[in-house]
Amino acid sequence: MTTPWDRIRGHWSSRTWLRTIHVTTGVPIALISMVAILGLGALSIALAWTVFVPLVALLILTRMVPLLTWLQRSRFAAFLDLDIPPAPPLPRDGSPLRRLLLQARSGSVWRQIAYHLVIGPLIGAVGFLSGVAAWSACLVAAIITVQLLIAGGGWTTAPPAAAALALFVVVPWLLRGITALDTVAARALLGASLNDDLARRVEILRESRAEVV
């Protein structure tokens, strides 16, 4: 049976601090991803008349997106203990130009770009500003409370103490909501889609039938 103490202890368990680290580390990764993708896009548009530069930029982008996705998936695995299955790899047969066209037409690649370019920076900014700012305000309120107690402030210590206690209770719930939203977006955009799972099951079934035959 779960006791009230178990609920309180779980509220401020190590998972809360891991969620804080997850939100904090998502900001630099999201910024790097956004700057890199937008930089390649701007370079391609500015030098589109060369034809060569957009092709090279597209090639770099198709190599860079899986790396950025791997960084994000590693962040979820390290701090949230969440394993996001990767999208199935594209076929490597054919000419480099054909593989480049397949990657450019792949829905999984564009879903990953959408996360790195829009969803990741947005959730990262909201999470960082709300979570880190709330923890900072909680720490400031606690410091003010201690200083007033030392100075013999009396009833003047009540407002900052109440603010520190309220923030200390609310922030873990806030971080839980932010990481839950980030998890939903990451599962939908960084992992395999329903069509990918169906294609993978069909391929496994085909191989099993071939082995039986």
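**Packing around Phe76, and a cavity**

In this predicted model, Phe76 touches His22, Asp81, Leu82, Ile84, Tyr115, Asp182, Thr183 and Ala186, leaving aside residues up to four places away in sequence (contact means heavy atoms within 4.5 Å). Arg75 lies over the face of Phe76, 5.2 Å from the ring centre; for an Arg, this calls for CZ within 6 Å of the ring centre and within 35 degrees of the ring normal.

Phe76 also turns up in the largest nonpolar core, a group of 16 residues. Such a core is a set of buried Ala, Val, Leu, Ile, Met, Phe, Trp, Tyr and Cys residues joined through side-chain atoms within 4.5 Å, with buried meaning under 20% relative accessible area (1.4 Å probe, protein chains only). Along with Phe76, the residues with the most contacts inside this core are Leu82, Ile84, Tyr115, Val171, Leu175 and Ala186. Helices α5 (107-150) and α6 (158-189) each supply at least two of its residues (helices are DSSP runs of H or I, at least four residues, numbered from the N terminus), and α6 gives the most, with 6. A second, separate core has 9 residues, among them Ile37, Ala57, Met64 and Ile113.

As for empty space, the largest cavity has a volume of about 70 Å³. A cavity is a set of points on a 1 Å grid where a 1.4 Å probe fits but cannot get out, and lining residues have an atom within 4 Å of a point; the volume is the space filled by probe spheres set on the points. The lining includes His22, Arg75 and Asp182, and α2 (14-46), α5 and α6 each give two or more residues to it.

Residues are numbered from 1 along each chain as its sequence is written, and side-chain values use heavy atoms, with hydrogens and water left out. Local features need pLDDT of at least 70 and side-chain atom pairs count only at pLDDT 80 or more, while totals for chains, interfaces and linings use all residues.

Terms used
Buried < 20%, exposed > 50% of the residue type's maximum accessible area, 1.4 Å probe, protein only. 1 Å grid on protein atoms, 1.4 Å probe; cavity = no way out; pocket = protein on both sides within 12 Å on 5 of 7 lines; lining within 4 Å.
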